[in-house]
Amino acid sequence: MAKIKVSIVIATRNEERTIGKCIESLLTQNYQKNKYEIIFSDGRSRDRTREIIQSYARKAKNPNIILLDNPNTDSGSGRNIGIKKSRGEFIVQLSG
């Protein structure tokens, strides 16, 4: 059975202490890289969260790491923004 494309949606805000480990764990999965996307919807973090996400996207050369802006800053709005932009057949929502 062929693997189905999955969208992983993560609402973030001021997560610089843990976001790197989160991204690393997602990038080291056995699932085919072209079959999933990781969507971060950031609630206007005041720390280095956005910078870290962008750094991983560049370093991994992975166009499926997507950073979106969540102007409402709350996680519910962030999830909704990410879901609306997702392209997968299945959506996985992760939170801390």
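Here are four short exercises on a predicted model, each with a worked solution.

**Exercise 1. Work out how strands S1, S2, S3 and S4 are paired.**

Start with S1 (6-12) and S2 (36-42). These two pair in the parallel sense, over 7 bridges. To check the register, look at serine 7, which stands opposite glutamate 37 in S2. Further along, threonine 12 stands opposite aspartate 42 in S2.

Now go from S2 to S3 (65-69). S2 and S3 run parallel and are joined by 5 bridges. Here aspartate 42 faces aspartate 69 in S3.

Last, take S1 and S4 (residues 90-94), which are parallel too, with 5 bridges. Isoleucine 8 has valine 92 of S4 as its bridge partner.

**Exercise 2. Trace how the chain gets from S1 to S2, and from S2 to S3.**

Leaving S1, find helix H1 (residues 19-27); S1, H1 and S2 form a β-α-β unit, and that unit is right-handed. From S2, pick up helix H2 (residues 49-59), which makes a right-handed β-α-β unit with S2 and S3.

**Exercise 3. Are the residues of S1 and S2 buried or exposed, and which way do they point?**

Buried here means under 20% relative accessible area. In S1, 7 of the 7 residues pass that test, so S1 is largely enclosed by the rest of the structure. The count for S2 is also 7 of 7, so S2 is largely enclosed as well.

Next, sort them by direction. In a regular strand, side chains alternate between the two faces of the sheet. In S1, Val6, Ile8, Ile10 and Thr12 point one way, while Ser7, Val9 and Ala11 point the other. In S2, Tyr36, Ile38, Phe40 and Asp42 go one way, and Glu37, Ile39 and Ser41 the other.

**Exercise 4. Find the buried residues of helix H3 and say what covers them.**

H3 covers residues 75-85, and its buried residues are Ser77, Gly78 and Gly82. Looking down the axis of H3, you'll see them within an arc of 135 degrees, so they line one face of the helix. Their cover includes S1, S2 and S3.

Then check the N-terminal end of H3, where aspartate 74 is the cap. One of its side-chain oxygens sits 3.4 Å from the backbone nitrogen of glycine 76.

To finish, put this in the context of the record. An unreviewed UniProt entry lists residues 7-92 as "domain: Glycosyltransferase 2-like". In the model, that span is 36% helix and 24% strand, and its end C-alpha atoms lie 6 Å apart.

Terms used:
Residues are numbered from 1 along each chain as its sequence is written. This is a predicted model: local features need pLDDT of at least 70, side-chain atom pairs count only at pLDDT 80 or more; totals for chains, interfaces and linings use all residues. Side-chain values use heavy atoms; hydrogens and water are left out. Buried means under 20% relative accessible area, exposed over 50%, partly exposed in between (1.4 Å probe, protein chains only). Helices (H or I, at least four residues) and strands (E, at least two) are DSSP runs, numbered from the N terminus. The arc is that of the directions from the helix axis to the C-beta atoms. Contact means heavy atoms within 4.5 Å. A polar contact is a pair of N or O atoms within 3.5 Å; within protein, one must be able to donate a hydrogen and the other to accept it, and residues adjacent in sequence count only if both atoms are side-chain atoms. UniProt positions are given in the numbering used here, feature names are shortened, and annotations may be inferred rather than shown by experiment. Two strands pair if DSSP finds at least two bridges between them. A crossover is right-handed if, with the strands pointing away from the viewer, the path from the first strand over the helix to the second runs clockwise.
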